[in-house]
Amino acid sequence: MILAMKKNIILIGFMGSGKSVLGKLLARELNYSFIDCDSEIEAQERLSISDIFAKYGEEHFRRLETQMLKQLCGLDGAVISTGGGAVTIDNNIPILKEGGIVVFLNASADEIASRLVDDTTRPLLQCEDKLQRINNILDKRIPLYRQTAHIIINVDGKAAEDNLKELLLRLSLLL
Ligand code: S3P
């Protein structure tokens, strides 16, 4: 598929909603580059996300994230996977919306909890009751994801290839 304009496609959604997997498939399909915001921050800081949180705290991470989002959203023809908390900073919402077509991967708390049951890389989810933590954070974020998105894909119980097909169809209708 060839998109008329080389607009960025920006994936948003909770941790574990499948942004990176779908983003890589989409980039290959569109012949776009794939860029992961967290990986770019890790490379720039030469620290893992967990270490940035542990050494400097979440606020510092959010500042780095906003700077990186500004840079990445200024590109053309990229599929950009964002961190799940990108929408929690007010200023990021216009950056995302103006940076390209924003796609929200909507996953339920149960789905996320089952996908991330053994995950140790998300500092915000290192706690006893992961499902409760996911529910608490997700409830606050859902309205923000919805308000930022141009396209919403429900991902529960679906394979990445099915989400790709649906997204390609939705993009072709939009452009
Ligand atoms: C976060 C999501 C993570 C990462 C950091 C904070 C969040 O990215 O940015 O751990 O606040 O939801 P992924 O959504 O790619 O896991």
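What is the volume of the largest pocket? About 560 Å³. Before I go further, a reminder that this is a predicted model. I will talk about that pocket, then the ligand, then one helix.

The pocket first. Its lining is made up of 35 residues. Nearest the centre of the pocket are Met-15, Gly-16, Lys-19, Asp-38 and Arg-122. Sorted by class, the lining comes out as twelve nonpolar, 13 polar and ten charged residues. Several helices take part: H1, which runs 19-30, H2 at 37-45, H3, H4, and H8 at 160-174 each give at least two residues to the lining. H1 has the largest share, with four residues.

Now the ligand. Where does the ligand sit? In the largest pocket, the one I have just described. The shell around the ligand has 14 residues, and the closest are Lys-19, Asp-38, Arg-62, Arg-122 and Arg-141. By class, that shell holds six nonpolar, three polar and five charged residues. On the helix side, H3, residues 49-56, and H4, residues 58-73, each put at least two residues into the shell.

Next, individual contacts, starting with the side chains. Lys-19 has a polar side-chain atom 2.5 Å from a ligand oxygen. For Asp-38, a polar side-chain atom is 2.7 Å from an oxygen of the ligand. Gly-84 makes its approach through the backbone: an N or O atom there lies 2.8 Å from a ligand oxygen. As for cover, the ligand taken alone exposes 390 Å², and the protein buries 95% of that.

Last, helix H2, since Asp-38 belongs to the stretch 37-45. At the start of H2, Asp-36 has a side-chain oxygen that comes within 3.2 Å of the backbone nitrogen of Asp-38. So much for the start of the helix; what follows H2? That is Arg-46, and its phi is positive, near 55°.

To put Asp-38 together: Asp-38 is among the residues nearest the pocket centre, its side chain has a polar atom 2.7 Å from a ligand oxygen, and its backbone nitrogen has the side-chain oxygen of Asp-36 within 3.2 Å. That is what I have.

Key. Residues numbered from 1 in each chain as written. Predicted model: local features only at pLDDT ≥ 70, side-chain atom pairs only at ≥ 80, totals over all residues. Heavy atoms only, no water. Near = heavy atom within 4 Å. Polar contact = N/O pair within 3.5 Å; in protein donor to acceptor, adjacent residues only side chain to side chain. Areas by Shrake-Rupley, 256 points an atom, 1.4 Å probe, with all protein chains shown as cover. 1 Å grid on protein atoms, 1.4 Å probe; cavity = no way out; pocket = protein on both sides within 12 Å on 5 of 7 lines; lining within 4 Å. Sits in = over half its atoms within 2 Å of the grid points. Nonpolar A, V, L, I, M, F, W, Y, C, P; charged D, E, K, R; others polar. Points joined across faces, edges and corners; volume = space filled by probe spheres on them.
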